[in-house]
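Work through the following exercises with the sequence and the 3D view side by side. Each task is followed by a solution that goes step by step.

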Amino acid sequence: MRLLKAENIKKYIPVREGILSLFTKPKKWIRLVDNVTLGINAGEIHALIGENASGKKTLSRILIGLKKPSDGKVFYNNKNIFSISGEEYRRMRRELQIIFGDPFSSLNPHFTVKEIIEEPLKLNDIEYDDRLLRGTLEEVGLTPPEEYLWRKPFQLSGVERQRASLARVLVLNPKFIVADEPVSLLDTPYKEDFLSLMRRINRERGVAFLLTTAYPQYAFQIADRISIMYLGKIVETGRKRIIMENPLHPYTQQLFRVYREPYKITGEIGITDIHPSPEIPDGCRYYPDCPYSMDKCRAVEPGLMEVEEEHHVACYLYE
Ligand code: SF4
């Protein structure tokens with residue numbers, strides 16, 4: 001069952017060159033997200049994999065209403081979140097939450113863990129008692145809770161801060177959580193721990209996650225479905241198992257090769273961070289780097305095509 005659906009989402013920002021351009025219509029636009037349609041099922045973990053500036057962060061924020069798209073709609077429980085009243089959106093936002101990669105900057109440094117977890121409950125006028133606070137800390141592995149309730153963020157390790165961030169959103173009993181590169185700043189041994197915790201909470205509570213990451217291995221570890229984003233577009237999407245075993249888009253193949261055989265990758269074919277640019281080529285935006293490009297690829301951009309059940313790819317090789 002679809003919990004959330006984004007339809008034809010675009011996010012364009014104008015390129016301003018010089019002070020005078022502030023008073024004229026922009027001639028160029030950076031297409032951060034370019035006509036993306038994406039569905040999230042209730043209770044699933046969906047991973048959005050893409051390099052820096054591929055548009056995954058912008059899209060994830062649009063999905064929960066933190067950013068407005070230039071065009072397109074997002075439906076949560078069949079309601080367009082950008083056309084409901086402010087009050088209705090405020091109520092809905094309890095169910096649509098986000099945790100960030102850098103919990104140190106997202107947690108109030110002056111608050112204790114208790115105050116950090118209480119804050120969203122107070123802001124939403126939700127009655128609570130100590131059992132809820134202690135129970136949530138136990139759920140995220142901050143045990144015994146008495147040892148953590150009175151600590152401040154600087155008295156926690158990196159992974160403990162990330163667990164506190166998760167507790168802060170879980171007290172609101174969300175249905176969907178964006179986990180924005182949640183393990184990017186954690187030390188290696190703790191990355192797997194935190195991903196396993198997300199998986200357990202997903203299983204036990206039935207809460208859906210959108211995991212954004214530049215690293216396919218994190219998606220392989222916990223996701224049910226994955227989508228690959230390149231220069232503002234989803235180029236391949238489907239069930240994790242299918243795409244892991246049979247990646248079809250040349251960009252997905254390259255991304256996975258870099259992950260699986262990093263020691264074989266030379267500078268010329270290693271992936272690099274994408275820099276958002278107004279100069280996206282006509283046709284398939286991957287053709288300048290694609291070893292299989294054909295004349296047709298330069299002329300018309302391919303849309304997502306179904307190649308097998310629950311597996312879509314935007315590439316003319318699979319017409
Ligand atoms: S559409 Fe053409 S250029 Fe684009 S990925 Fe497929 S083969 Fe390569």
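**Exercise 1: the ligand shell**

By class, the shell around the ligand holds 12 nonpolar residues, two polar ones and no charged ones, where Ala, Val, Leu, Ile, Met, Phe, Trp, Tyr, Cys and Pro count as nonpolar, Asp, Glu, Lys and Arg as charged, and the others, Gly among them, as polar. The model is a predicted one, in which local features need pLDDT of at least 70 and side-chain atom pairs count only at pLDDT 80 or more, while totals for chains, interfaces and linings use all residues. Residues are numbered from 1 along each chain as its sequence is written.

Task: find how many residues surround the ligand, and which are the closest.

Solution: Begin with the criterion, by which a residue is near a molecule if its C-beta atom, placed from the backbone, lies within 6 Å of it. The ligand is surrounded by 14 residues, and the closest are Cys284, Tyr287, Cys290, Cys297 and Cys315.

**Exercise 2: two positive phi values**

Task: decide whether Asn78 is buried or exposed, and do likewise for Ala53.

Solution: First locate Asn78, which has a phi near 70° and sits in the loop between strand S4 (71-76) and strand S5 (79-80); strands are DSSP runs of E with at least two residues, and helices are runs of H or I with at least four, numbered from the N terminus. Next count neighbours: a residue is buried with 20 or more other C-beta atoms within 10 Å of its own, exposed with 12 or fewer, and partly exposed in between, C-beta atoms being placed from the backbone. Asn78 is exposed because it has 7 C-beta neighbours inside 10 Å. Finally, Ala53, whose phi is also near 70°, has 17 other C-beta atoms within 10 Å and is therefore partly exposed.
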